[in-house]
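I wanted to go through the charged pairs of this structure and then look at its surface. These are my notes.

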Amino acid sequence: MIIPISGLLGIAAMFVLLMLGVPIAFSMAITGAVGLWILEGPGPAMAHSLLVPWDEGRSFVFVTIPLFVLMGQLVFHTGLATDLYRAVRTWIGPVPGGMAITSVVACGAFGAVTGSSIATVATMGAIVMPEMRRYNYNPRLATGALAASGTLGILIPPSVIFIFYGVMTETSIGELFIAGIIPGILTATMFSVIILVRCMITPSLGPPGPSSTWAERWSSTVGLLPIMALFGLVIGGIYAGIFTPTEAAGVGCTGVLVTAGVRGSLTRTAMSKALEETALISAMIFAIIVGGYLFARFLAVTGTTEAMVDVLVGMDLGRVLFLVLLVGLYIILGAMLDVFGMLVLTIPFVMPIVRELGIDPIWFGVFAVVMAELALVTPPIGANVFVMRRTAPEVPMGEIFMGVLPFVLGELVVIALLIAFPEIALWLPGQMR
Amino acid sequence: MRGVEGSTEPEGQGGGGLDRAVDYLDRTSARISRYMFRFGIHVTMPALVVLVTLDVALRYVFNAPLQWARDVNGLLLLISIFCALPHAWDRAYHIRMEVFYTRFSESRRRLADVVSSLAGVVFFGLMAVQAVRFVPFMIQTGETGEDWDFVLWPFMGIVAFCAFVMVARIFSNPAGIESLGDEA
């Protein structure tokens with residue numbers, strides 16, 4: 001089957017706009033709207049331009065996005081992470097590279113109550129980096145470990161990227177969350193092992209942290225309880241089928257508010273900042289989703305999606321080769337686009353092929369999020385690296401990117417394991433059904 | 001318009017009526033955009049959290065869920081998002097591919113900004129015009145929510161208004177650069 005010229009022209013026009021620096025949402029929306037205008041006339045084009053945002057803007061599923069963003073922002077601005085870090089440090093700190101491994105575990109645990117990698121790096125970086133400086137940690141290892149560990153924020157549920165993927169593909173957000181747990185733990189373990197092995201070979205990279213008494217360990221573990229309780233409430237509630245993701249998000253927000261209120265850290269400034277960031281981030285995500293939908297409709301009308309699926313299926317690539325090609329594509333796109341842009345650009349093309357090849361959309365969601373994790377730490381965009389640089393201005397950007405490299409390799413191993421053993425992601429959601 | 005260099009006259013002086021009109025549009029739309037944003041973050045967004053939690057509590061604790069909660073949640077979300085859209089533009093929250101943009105010369109960057117603003121103005125303009133056209137239709141048909149017997153046309157009116165404000169903000173700040181600091 002030949003790919004329609006109108007579709008190819010549309011794709012080319014959108015890429016030109018993207019390269020000119022036109023916001024991703026506008027590039028996709030205007031290409032979709034103008035394309036529909038040319039193909040179907042002004043009436044349908046104008047109707048789509050309104051009805052897509054009107055319908056999506058009132059969608060109960062979409063309510064999940066601002067609520068989970070708010071939950072993460074509240075955790076971020078009310079300083080719940082400090083106790084978490086202290087508790088983890090008393091247990092893991094004394095091993096070689098202990099402070100860096102602490103940062104991995106603390107980022108993973110922080111990711112369990114916030115869906116944002118940027119918030120994870122910014123929060124944990126500010127707490128852990130001064131400690132690692134004090135213990136003379138190698139700056140490359142310290143910053144690399146923190147920037148990479150921050151990506152756990154989007155793999156360990158709740159995750160804004162999972163919600164975004166779920167909304168775009170109409171996949172169960174609850175199952176996506178549950179599917180992210182084991183790969184998230186696997187990634188955190190992989191990162192910890194990398195640090196441990198490197199620090200055992202070269203002890204000067206990351207000396208052991210301070211040792212703690214058992215009494216200190218148990219008393220500091222109390223600091224973990226609010227985070228564990230919130231995670232249990234939100235993710236446990238979804239897993240047990242008590243809450244929908246939207247309900248869980250609302251309960252989670254209230255849980256953070258109550259916890260922060262009890263701790264006395266719920267200030268007016270923190271609340272205001274959290275709401276402000278939430279509204280701005282949600283508006284940005286909403287615009288991208290609307291743009292993506294319009295562009296996908298245009299491609300569907302031209303028959304491009306169908307033709308591309310036929311071409312790719314006709315090539316008889318098979319599941320593994322298709323996924324390996326996607327890994328390459330996502331690494332390239334991740335070097336040019338933000339995570340949301342990367343996903344919204346590829347999903348309209350990739351999802352039909354994924355379904356055609358019999359790949360589970362839940363599994364693919366995990367795969368896409370792990371690829372998004374890579375994009376967050378690879379140059380030239382690497383958003384986590386930029387945030388890390390703000391926390392450690394004395395470390396050059398190149399050093400941070402070099403520091404991240406071993407973790408990128410570790411992430412690629414995780415992807416290989418996911419492809420070889422899909423059950424890593426699918427076993428836990430399978431228990432829900 | 002912001003982002004245009006080379007002007008020898010101070011903003012708002014000289015240049016005739018068109019400049020004054022553009023300046024007025026900029027100041028007025030920026031103010032409205034901030035008010036809308038504040039309304040969103042102080043009223044509709046907290047209301048959304050409260051309503052979702054209240055509905056969960058009533059559903060699971062008292063077995064008496066609010067039948068209209070989903071409709072109202074959707075409308076609160078719609079207002080929150082649309083109220084934040086223009087301000088998100090002014091705070092440079094809209095994601096773009098900056099790999100090439102940051103390497104452009106000043107003149108190419110201005111051209112890219114014009115293309116960006118044109119894309120935004122056309123898209124949100126289409127949305128605004130269509131929403132205005134839809135309001136009388138919705139009044140005529142008396143369209144209401146699925147579970148809540150409340151007319152929806154005022155919310156369509158809000159969408160139209162927000163989309164017009166967005167058009168004005170994109171026109172006034174074509175580069176989408178952060179222009180309002182932390183005023184909100």
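The entries below cover salt bridges first and a nonpolar patch after them.

Entry 1, the count. I am working from a predicted model. I searched the whole structure for salt bridges and got 11 over all chains. I then followed some of them up.

Entry 2, helix H7 of chain A. I looked up A:Glu131 and found it in a salt bridge with A:Arg134, with 3.0 Å between the closest N and O atoms. Both residues sit in helix H7, which covers residues 117-134 of chain A, and they are 3 residues apart, about one turn of the helix. I checked how each partner is covered. A:Glu131 has a relative accessible area of 14%, so I put it down as buried, the cut-off being under 20%. A:Arg134 comes out at 55%, so I noted it as exposed, the cut-off being over 50%. I also noted that this pair belongs to a network of salt bridges that links A:Arg89, A:Glu131 and A:Arg134.

Entry 3, a pair across the sequence. I took A:Arg133 next and found A:Glu394 as its salt-bridge partner, the closest N and O atoms being 2.7 Å apart. A:Arg133 lies in helix H7 of chain A, while A:Glu394 lies in the loop between helix H20 (383-391) and helix H21 (397-420), so this pair ties together parts that are 261 residues apart in sequence. I read 36% relative accessibility for A:Arg133, which counts as partly exposed. A:Glu394 is partly exposed too, at 48%.

Entry 4, chain B. I turned to B:Arg59 and B:Asp55, whose side chains meet in a salt bridge at 3.0 Å, N to O. I placed both in helix H1 of chain B (residues 16-60), 4 residues apart, about one turn of the helix. B:Arg59 counts as partly exposed at 27% relative accessibility. B:Asp55 counts as buried at 5%.

Entry 5, the surface. Which residues form the nonpolar patch? I listed A:Ile331, A:Met402, A:Leu405, A:Leu409 and A:Leu412, which together have about 410 Å² of accessible area. I then asked which element gives the most to the patch. It is H21 of chain A, with 4 residues. I looked up A:Leu409 by itself and found it in helix H21. That helix is one of the two that flank the loop holding A:Glu394 from Entry 3.

Note on methods:
Residues are numbered from 1 along each chain as its sequence is written. Chains are lettered from A and ligands numbered from 1 in the order in which they are written. This is a predicted model: local features need pLDDT of at least 70, side-chain atom pairs count only at pLDDT 80 or more; totals for chains, interfaces and linings use all residues. Side-chain values use heavy atoms; hydrogens and water are left out. Buried means under 20% relative accessible area, exposed over 50%, partly exposed in between (1.4 Å probe, protein chains only). Patches are made of residues with over 30% relative accessible area and no salt bridge: like charges are joined within 9 Å, nonpolar side chains (Val, Leu, Ile, Met, Phe, Trp, Tyr) within 5 Å. Accessible areas come from the Shrake-Rupley method with a 1.4 Å probe; for residues, only the protein chains shown count as cover.
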